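Biologist: Let's go through this model term by term. I want each label set against its definition.

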Amino acid sequence: MGVINKNSDRDWIKHRYIGAGLCIVFIFGVLFLRLVYLQMIHGEEYRRLSMTNCVRLKSIKSSRGLIYDRHHNLLVDNRPAFDLTIVLEDAKPLKETLERLAELTGDSYEDLTASIKKAGRAAFYKPLVLKRDITRDLLAVIEAHQFDLPGIHIDIEPTRNYIHKKTAAHLIGYLGEINKEELASGKFPNVRSGDSIGRYGIEKSFEADLQGKRGGHQVEVDVNGRVIKILKTVEPVSGKDLVLTMDLSLQQKAESLLGENDGAVVALDPSNGDVLVMASSPSFDQNDFIGGISSKKWQALRDDPGRPMNNKAIQAEYPPASTYKTITALAGLEEKVIDRNSTFFCPGFYKFGNRRYHCWNRYGHGNLNVVDAIAQSCDVFFYQTGEKVGVNALARYAHGSGLGRLTGIRLTHERPGLIPTSAWKKKRFKEPWQAGETLSISIGQGFNLVTPLQMAVFISAVGNNGTLYRPRLVRSVQDAKGQVIREIEPDITGGLPASKKNLAVVRQGLLEVVHGNHGTARRIRLPGIQIAGKTGTAQVFSRKAGEKFNNKKLRRTLQDHAWFVCYAPAQNPKIAIAVIIEHGEHGSSAAAPVARELIHAYLEDPEVPTAVVKHDQAHVE
Amino acid sequence: MFDRRLVSNFDWGFLLVIFFICILGLTILYSAVTAGYAGTDLHPLFKRQVVWLAVGFVIMMGCLVIDFKEFAKLHFLIYAACVGLLVATWLVGHTGGGSQRWLVLGPVRIQTSELMKISLIISLASVFADSISPEGLGFRHLIKPAILCIIPFGLIFIQPDLGTGLLLLLIAGCLTIFVKVEKKVLFILGGAGLSLVPLVWFFGLKDYQKDRILTFLNPERDPLGAGYHIIQSKIAIGSGMLTGKGFLHGTQNALNFLPEQHTDFILSVLAEEWGLLGCAVLLTLYFLLLFLGVNISYNCRNMFGSLLAMGITIMIFWQIFINVGMVMGLMPVVGVPLPLVSYGGSSVVTNMVGFGILLNISMRKFNTA
């Protein structure tokens, strides 16, 4: 260790200590001079500025991105809303000002002060919102009394406007005010307290694109809080616009066809997974959520037995019923349990153990092969096929076909459905699998649960010869000038676990459902367009063997759900559809006609866009 | 065995200066947190700061017990422990304000980068004490110190806390220059550094990173954020004029114009309420503190002790200069607290450890064994 004991050593190092000391003297001199400069030379000026507290920030809200349908029809834009705000520091005398204001607006004094109390001391000089979205009449009154109302301002805020009330409400979603946890999470750097963020649907999933960036002014204000001078400005950045894959006119058609029924319709483009329609009924008005939904309206929505707040296309799980026979047929063919020509005899029931499993046709279908069995939806044929394939192999094919797992659509709350296996039952119920249960599974009853979107993705894959697509919601993201910033490419998630040859057999069966002489959906034929599909009638409530019910006597809630899944044209499909009507009874009578109308509307005139609405005022400045 | 010289050499003046700064600091903090506070009790932040200062005094006294020369022997162990804490912070640290800086141990949150400063100074002082010479340090003498700096800098940089990271390098750099570097080496390193800046600027950085650095250097670029705070801070300071608006009568303070008035911007509260006179008193106290620090360093007969004292003095100097400069609009906006005045436990404890070491060195300055 270096020990200083020689004088020569001390000499050279002594200068360095003196140097260090001089540096400190110099820097402190600079700091002191700066203080003199601020406090003595400019002191008067700063004292004046501090007395009026007149340098403030005024925020400029950015406008959120717009949403268009696939043909550039505007679905969501922003309108100016007028908010009544107060700056406490300027509103003097406060009590008189608020009383005067209460008289003009017709609100009680207490209502107006409530938001002030909530804000606390943090916001003494920041504008506080007293009343959101006031009417133009009230706006005129306030403007006229401007000079009697010190510290009261009108702020123009761009506010979300859902143009087509209730249309695709579940798909598009809505906004809600950001909460404290989300603000603290750091995930929303451009959002401030009081701002809204996407809460549901595309508004939520594409928040990062839609959200803009706030700007602001640094301003000097007078004693009454009115702006005298803008010192500095940071321009806001608008959010990006979205072009959806959804077809507005088709969506509206689907919603009107659903009408008062509870249920869902999903239509996909089989060539790329584009979501042409995603309708869920009953719907709700997204405009009700702007500025916070009233608790009365929220309660009404929540307590509605039709579950309007659920997107039934992805959140509701139903037994797939006879639509599932398509899977059973594929599994049977692939596992070589049956082939194109193997036949079973249907006497109207299948005896298994000492129990009779009935066919829906009590008189029996006689001898039929797999194509006939699909066309006529014979239960007995599929009981036997399923029994030979076994529950676990069936589950493997169902899984491979996209059932029992998420489709990967970019929406939150998607449900995976359920495809049972023997291991699953052991785990869930601590009971072994019963062979009889395999029979129920084979015709899509029992534990099986699927969402309408899963069925649409599956039937679309059958139609396009085996490709499973991730449903695509947004085609492109563009800027306010319409320049494309980002295209979203179709995304293949897998292929059906079936050979082209076996798929062709199943496709023939699906075609005969509509076009065969005994097809269950033969009544929906359209001139010139071949439709391939499958009906289904899902039991809500299990009947004991041999028990008879007269449906009309049952309460509507016990009636069966009606399914129809299809694609068209059969040879080169352009659209694939899944329809479910809750308590619609028969797939052929309740669900299939909905699909037919949509196919008719889409294929008659598929590529001609409906009138393109040009909204130059769409981005509110 | 107890040496009587330990008491006679104890630097009572230094302790007195620390004591006065604490008293002044608490007075300002009281005003900063009480403005607009509704409770009748003392503000909880004020109470907590009193506790921290008391804890700090105990820790400072604790630093007197062991002969500082033991630190030289243990320096690598201390260094390794602090790096370990930084790694732990990186792995399991508490995230606040977008960066992961705190390690939570029971009821206390430790800002580990603060401890690292002291530890690095001890290590550098120890390394330099062996290599110091009138001719200055050559390249080969600088390899070890460079490695010692770069590890903690990297770990603090990824938190990310660029401000503290750069402060660490600044302290290390100043200590190195104090020790004396060969002219040749100084020119080469300086030249290399300067020529690297444009390279990194044009090829190494993305636009948003450049933007952040420019805003850091010039807060006016961000008129709604840092720039606005600086304007409000300057208004607060300037409006204090010669004698101030009086204790608890600051209007800028009362209206919460500044976001961090009890931490980084606390000087503006003093300037507003006590004016130029109040600021002059605080600056004088700080000047005395640094002067006594240099004095301790100068008088120490042990090279390690002398460099350690100088390093700690440099650390305190930069904190004061950066904070005061920032609040007055002379320096970039960095989150560096004002020693013993800003609210905050980690800062109080680190500074008290530093003062303890300085006092320790002053006590044992003749003890060269």
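Modeller: Take strand E21 of chain A. Both of its faces are covered: Ala532(A), Lys534(A), Gly536(A) and Ala538(A) on one side are buried, and so are Gly533(A), Thr535(A) and Thr537(A) on the other. The model is predicted, so local features need pLDDT of at least 70, side-chain atom pairs count only at pLDDT 80 or more, and totals for chains, interfaces and linings use all residues. Residues are numbered from 1 along each chain as its sequence is written, with chains lettered from A and ligands numbered from 1 in the order in which they are written.

Biologist: What makes E21(A) mostly covered?

Modeller: Seven of its seven residues are buried. A residue is buried if 20 or more other C-beta atoms, placed from the backbone, lie within 10 Å of its own; 12 or fewer make it exposed, and in between it is partly exposed. A strand here is a DSSP run of E with at least two residues, a helix a run of H or I with at least four, numbered from the N terminus.

Biologist: Which strand is joined to E21(A), and by how many bridges?

Modeller: Strand E22 (residues 561-568) of chain A, antiparallel, by seven bridges. Pairing requires at least two bridges found by DSSP, so E21(A) and E22(A), with seven, count as paired. Gly536(A) stands opposite Trp563(A).

Biologist: Why is Gly404(A) called buried?

Modeller: Gly404(A) has 20 other C-beta atoms within 10 Å, so it meets the cut-off. Gly404(A) lies in the loop between helix H16 (391-400) and helix H17 (422-429) of chain A. Beyond four places in sequence, its contacts include Ala398(A), His399(A) and Pro416(A). Contact means C-beta atoms, placed from the backbone, within 7 Å.

Biologist: And Glu177(A): what is its exposure class, and why?

Modeller: Partly exposed, because 15 other C-beta atoms lie within 10 Å, between the two limits. Glu177(A) sits in strand E6 (residues 174-177) of chain A. Leaving out residues up to four places away, Glu177(A) touches Gly194(A), Ser196(A) and Gly292(A). Ile290(A) is 113 residues away in sequence, yet 9.0 Å away C-alpha to C-alpha.

Biologist: What makes E1 and E9 of chain A edge strands?

Modeller: Each pairs on one side only. The open sheet has three strands in the order E1-E8-E9 (chain A), paired antiparallel. E8(A) and E9(A) share six bridges. There, Glu220(A) stands opposite Lys229(A) in E9(A).

Biologist: How do you know that the length of helix H6 (residues 139-157) of chain B agrees with expectation?

Modeller: The expected span is 1.5 Å times one less than the number of residues. H6(B) has 19 residues, so the expected span is 27 Å; its end C-alpha atoms are 25 Å apart, which agrees. H6(B) does have a kink of about 25°, centred on Pro145(B). That bend is the angle between axes fitted to the seven residues ending there and the seven starting there. Pro145(B) is also among the buried residues of H6(B), as are Leu148(B) and Phe153(B). Their cover includes helices H4 (69-92), H5 (112-131) and H7 (162-179) of chain B.

Biologist: How many residues of each chain are in contact with the other?

Modeller: 38 residues of chain A are in contact with 49 of chain B. H1(A) gives the most to chain A's side, with 16 residues.

Methods. Two residues are in contact if their C-beta atoms, placed from the backbone, lie within 7 Å.
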